[in-house]
Amino acid sequence: MTNLEGKVAFITGAARGQGRAHAVRLAADGADIIALDVCRDIDSMDYPNATPDDLEETIKLVENEGRRIVARQADVRDADALQQTVDEGVREFGRLDIVIANAGIIRLTGDGDRRQIFRDIIDVNLIGVWNTVEAATPALIDGGRGGSIVLTSSSAGLKGTGTDRAGGQAYTAAKRGLVGLMQVWANELAQYSIRVNTIHPTGVATGMVMNEAMAALLEAGDVAVAAMKNALPIEVLMPEDIAGAVAFLVSDEAKFITGTAWPLDAGFAVRQG
């Protein structure tokens, strides 16, 4: 366990999956949590998003760790609602130290409105992350204690694979774009001792991956997923695996780490063939 006692973390996409795992792990390490999730489906996607009940479960799990949580339903594409959530959390807890811009969506099936799919994925996965950091950075700077920002990218943000699917193209473009944003912010915010890094998980057992649409692609050996294999004999990671790595990255033990793109990918990026 890392020591995050007294710190406050803002996490998007917190109702389930990696976001919930981050909230619970950081709470176990001593942090209070500001949590946000859209908790409704996006029409252009082919799988269900988290629900209000999922967010309630995250609240209970954080409170079971003895920590406080402010949780709100909001869309990262809505900059005003996102800012309101950050402001409410900072008023409640009096500070902000950690930001995990985790909310994201994906669609790999080939049907649907290509233009809308591409737009929605870029809006959530890239613009939504910009909105998140834009809303949270003033509180980090005003605190005068430094801080840590983690952007959830993907193995696709390091290694693109061929696809004619608009969703796969948008996902790769957004996740690669996060690396550029991270590098700009790491340089700009270093003067305030605020660190910024991206993480690049391979497939993780979350609602984005464990759903009927993705299962059908896997069963059919579809080209959109055929290249998504890891070097290590690990088919899929658990959300808690990623949360453990992030807990280290946001802690003082990693106080010298900024501007890095960290593969958490079971060797996906180096796999040959």
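Let me start with Arg165, which sits in the loop between strand E5 (147–152) and helix H5, and I should say at once that we are looking at a predicted model. Buried or exposed, where does this arginine fall? Arg165 is buried, because its relative accessible area is 13% and the cut-off for buried is under 20%. The side chain of Arg165 also makes a polar contact, at 3.4 Å, with the side chain of Asp164.

From that loop we can move on to H5 itself, residues 166–189, whose axis comes within 8 Å of the axis of helix H4, residues 114–143, with the two crossing at roughly 20 degrees. Angles under 35 degrees count as roughly parallel, and H4 and H5 are therefore roughly parallel to each other. The crossing in which H4 passes H5 is right-handed, and the residues of the contact of H4 with H5 divide into 18 nonpolar, five polar and two charged.

Now to the sheet. Seven strands form an open sheet with parallel pairing, and if you follow the strands across, the order reads E3-E2-E1-E4-E5-E6-E7. Strand E3 (69–73) and strand E7 (261–264) stand at the edges, and each has a single partner strand, so one side of each is left without a neighbour in the sheet. On average, and ignoring direction, neighbouring strands of this sheet are turned by 15 degrees against each other.

Within this sheet I would like to look more carefully at strand E2, residues 32–37, which is mostly covered, with six of its six residues buried. In a regular strand, side chains alternate between the two faces of the sheet. What do we find on the two faces of E2? Asp32, Ile34 and Leu36 lie on one side, Ile33, Ala35 and Asp37 lie on the other, and all of them are buried, so that both faces of E2 are covered. E2 pairs with strand E1, residues 8–12, in the parallel sense over five bridges; in that pairing Ala9 has Ile33 of E2 as its bridge partner, while Ile11 has Ala35.

Finally, a residue in the segment before E1, namely Asn3. Asn3 is exposed, because its relative accessible area is 58% and exposed means over 50%. The side chain of Asn3 reaches the backbone nitrogen of Glu5 at 3.1 Å, and the C-alpha atom of Asn3 is separated by 34 Å from that of Thr172, a residue 169 positions away along the chain.

Key
Residues numbered from 1 in each chain as written. Predicted model: local features only at pLDDT ≥ 70, side-chain atom pairs only at ≥ 80, totals over all residues. Heavy atoms only, no water. Axes fitted to C-alpha atoms, helices over the stretch in contact; angles between N-to-C directions. Helix = DSSP H or I, 4+ residues; strand = E, 2+ residues; numbered from the N terminus. Parallel < 35°, antiparallel > 145°, perpendicular 65-115°, else oblique. Left-handed = near helix turned anticlockwise from the far one by under 90°. Nonpolar A, V, L, I, M, F, W, Y, C, P; charged D, E, K, R; others polar. Buried < 20%, exposed > 50% of the residue type's maximum accessible area, 1.4 Å probe, protein only. Polar contact = N/O pair within 3.5 Å; in protein donor to acceptor, adjacent residues only side chain to side chain. Pairing = 2+ DSSP bridges.
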